[in-house]
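Trainee: Got a minute to go through this one with me? I'd like to begin with pockets.

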Amino acid sequence: METKNADLSSLKIDRTQKNVNPEQKGKLIKMIAAGLGITIILLVIVFLFKSYTSQEIEVKMTYAAMQSSAESSAILTASGYVVAQRKAAVASKGMGRLVYLAVVEGDKVIANQVIARLEDNDIKAQLDQAKANLKLSQADLNDVEKNYNRQKDLLRTGSVSQMEFDAAESRYNRVLASIEVAKALVTQSEVALENTLIRAPFNGTVLTKNADVGEVVAPMGAGVNSKAAVVTMADMNSLQVEADVSESNIEKIEPNQNCQITLDAYPGHNYAGYVAKIVPTADRGKATVMVKVGFKNYDKRVLPEMSAKVLFLRE
């Protein structure tokens, strides 16, 4: 067949020939080089940006606060509580049922004012009996005194014996003694009646009311269901701040040293004070010494048991 005899050599590809145009090859190389350059520049920019943004900057926080001249000149600061130096739990000397109470919390009282009274019917009856016995003894005294004087005159004249005179004298002395006993019983009943009255021991303010009308009160709470103190009162003119100062700092404190007192209840208001007393003993558990700071002036807002801060100032 003719097909078999055909020359196929014309279909062979000549790989030795260069088909690439030199001008195109140069452009291609320039484009690749430009792309690599742009890529390197971009990588450098990204690296520098990350390095700059990831750099940690240390920031230090500082708190600013206003400080008064007293605070800047303070050599020591201590905390404590306002305490009334004159305070009393007012109780009854006798035992009985409370039938009258004239005060409540916050009332002002004066010394010897009757603030409460116990049931006193039995005491009044005893007083009346003691007074009646006194009158009876005084009535007997009139009779025996006359008889004694008469027997004394008769003895001088010899009209009576010594025995009769001694008997009259003895009766007279017994009546005198019975009168003294009756007077003592009257005094005892009067004291018992006075003990049913509960009086204020000094000028002050009632802080707490511990008993109500109808309850039984007794000295020192003698009964299980009895109350000891009827009211608790304090002299509001004796308020001082009792502050604990460390043993290591107590040498910085001197009597009459100026201080500044600030109550936690009124932080914006300061009170002028002074060192009234350094208690001459230390607290073994806390290793502190109590210092009592008095107020130079204060108002009605200062109350017992309020917490306070004390600045001890330089002289």
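Mentor: Sure, but let's fix the term: a pocket here is an open set of grid points with protein on both sides within 12 Å along at least five of seven lines. And keep in mind that this is a predicted model.

Trainee: Okay, how much space lies in the largest pocket?

Mentor: About 290 Å³. It has 16 lining residues, and those closest to its centre are K108, T205, M236, N237 and K300.

Trainee: Which strands supply at least two residues of that lining?

Mentor: Strand 4 (108-109) and strand 7 (204-209). Strand 7 gives the most, with three residues.

Trainee: Let's zoom out. How many helices and strands are in the chain?

Mentor: Four helices and 14 strands.

Trainee: And what share of the residues is buried?

Mentor: 29% of the 315 residues. The accessible surface comes to about 21900 Å², and carbon and sulfur atoms hold 55% of that.

Trainee: What about contacts along the sequence?

Mentor: Take the contacts with a separation of 6 or more: 75% of them link residues 24 or more positions apart.

Trainee: Switching to helices. How far does helix 3 reach from its first C-alpha to its last?

Mentor: Helix 3 covers residues 121-157, 37 residues in total, and reaches 55 Å. At 1.5 Å a residue you'd expect 54 Å, so the two are close.

Trainee: Which of the residues in helix 3 are buried?

Mentor: I123, L127, A130, L134, S137, L141, V144, N147, Y148 and Q151.

Trainee: Why do residues three or four places apart point the same way in an α-helix?

Mentor: An α-helix has 3.6 residues a turn, so residues with that spacing end up pointing the same way.

Trainee: And what covers the buried residues of helix 3?

Mentor: The cover includes helix 4 (162-195).

Trainee: Where is the positive phi around there?

Mentor: At G158, just after helix 3, with a phi of about 80 degrees.

Trainee: Last topic, sheets. What's the strand order in the open sheet of four strands?

Mentor: The order is 6-5-3-8, and the pairing is antiparallel. Strand 6 (197-199) and strand 8 (216-217) stand at the edges with a single partner strand each, so one side of each has no neighbour in the sheet.

Trainee: How many bridges join strand 3 to strand 5?

Mentor: Three, between residues 96-101 of strand 3 and residues 114-118 of strand 5. If you want a place to look, L98 stands opposite L118 in strand 5.

Key
Residues numbered from 1 in each chain as written. Predicted model: local features only at pLDDT ≥ 70, side-chain atom pairs only at ≥ 80, totals over all residues. Heavy atoms only, no water. Buried < 20%, exposed > 50% of the residue type's maximum accessible area, 1.4 Å probe, protein only. Contact = heavy atoms within 4.5 Å. Areas by Shrake-Rupley, 256 points an atom, 1.4 Å probe, with all protein chains shown as cover. Pairing = 2+ DSSP bridges. 1 Å grid on protein atoms, 1.4 Å probe; cavity = no way out; pocket = protein on both sides within 12 Å on 5 of 7 lines; lining within 4 Å. Points joined across faces, edges and corners; volume = space filled by probe spheres on them.
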